[in-house]
Amino acid sequence: MTVLPITIWGEPVLHRRAAEVEVFDDELRTLIADMFETNDAANGVGLAAPQVGVGKRLFIYKYENDDGAPPAGAVVNPVLTLTKISGALPDPDEEVEGCLSFPGGQYPLKRAEWARVQGFDGYGQPVDFEATDWFARVIQHEYDHLDGKLYINRLIDRYARKAMKQARNSGWGVPGLTWMPGVDPDPFGH
């Protein structure tokens, strides 16, 4: 298994819809294994293929949950069903997200409190589970990457302005920027 570099906001693969996976082969399963290794090295709870420069509809997660779902898994070609997202302002203490492709930034965001995920594992076998609370947030966050969105695209104005200031000050927004988990300093201080 290999730790892969993580793309940073501005890399084109992060900003376009990922392509459906059509072949379930050893190459796909190697990518999944490498994504788990990368996620572990980055201290993440999930990772989408575009975050490692691969424009495929695939994400992995590693999150202990009370929903009866496996604590770690891969979902290929996922379909997501959500409950309605509250129109209330996000709680700046309880609803803060971060993203490995927007390193170091953490901003409040409202998410649906329930999600159903359907798709396939790396062998083409069906995957179907429900997620609630923070686990639902993790799933929604990773799924967004497959549609070319980062969580900062969903922020309310005041937090979106702060995120864009962080991006400008960091020199992001251009292709070719990555960071290497396990080599570069952990942007979230784990």
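## A walk from the sheet to the cores

Start with the open sheet of five strands, ordered β2-β3-β4-β7-β8 and paired antiparallel. Bear in mind as you go that this is a predicted model. Now pick out the edges: β2 (46–48) and β8 (126–132) each have a single partner strand, so one side of each is left without a neighbour in the sheet. Look along the sheet and you'll find a twist that averages 40° from one strand to the next.

Next, select β7 (residues 114–120) together with β8: the two run antiparallel and are joined by seven bridges. To see one pairing, click W114, whose bridge partner in β8 is T132.

Now bring in the helices. Helix α1 (residues 26–41) packs on the sheet, where it touches β2, β3 (58–62) and β4 (72–82). The direction of α1 makes about 40° with that of β3. Then show helix α2 (residues 133–146), which also packs on the sheet and touches β2, β3, β4, β7 and β8. Set against β8, the direction of α2 makes about 125°.

Time for some rings. The whole structure holds seven aromatic pairs. Select Y63 and F135: this pair is stacked, 5.8 Å centre to centre with 5° between the planes. What does the pair tie together? Y63 lies in the loop between β3 and β4 while F135 is in helix α2, so the link is between parts 72 residues apart in sequence. Switch on a surface and compare the partners: Y63 is partly exposed at 23% relative accessibility, whereas F135 is buried, at 1%. Add Y61 and F129 to the selection and you have one aromatic cluster, made up of Y61, Y63, F129 and F135.

While you're at α2, show R137 and W134 as well. The charged end of R137 sits over the W134 ring, 4.7 Å from its centre.

Last stop, the nonpolar cores. The largest has 32 residues, and M35, L58, F102, I152 and L155 are those with the most contacts inside it. At least two residues of this core come from each of α1, β3, β4, β6 (102–108) and α3 (157–170). Which element gives the largest share? That is α1, with four residues.

Zoom in on L155: leaving aside residues up to four places away in sequence, L155 touches Y107, P108, L109, A160 and A163. Apart from the largest core lies another, of 17 residues, including A69, L80, F135 and I139. So the tour ends back at F135, the stacked partner of Y63.

Definitions and conventions:
Residues are numbered from 1 along each chain as its sequence is written. This is a predicted model: local features need pLDDT of at least 70, side-chain atom pairs count only at pLDDT 80 or more; totals for chains, interfaces and linings use all residues. Side-chain values use heavy atoms; hydrogens and water are left out. Two strands pair if DSSP finds at least two bridges between them. Axes are lines fitted to C-alpha atoms, for helices over the stretch in contact, and angles run from 0 to 180 degrees between N-to-C directions. Contact means heavy atoms within 4.5 Å. Rings of Phe, Tyr and Trp (its six-membered ring) pair if their centres lie within 6.5 Å; planes under 30 degrees apart count as stacked, over 60 as edge-to-face and the rest as tilted. Buried means under 20% relative accessible area, exposed over 50%, partly exposed in between (1.4 Å probe, protein chains only). A charge sits over a ring if NZ of Lys or CZ of Arg is within 6 Å of the ring centre and within 35 degrees of the ring normal. A nonpolar core is a set of buried Ala, Val, Leu, Ile, Met, Phe, Trp, Tyr and Cys residues joined through side-chain atoms within 4.5 Å.
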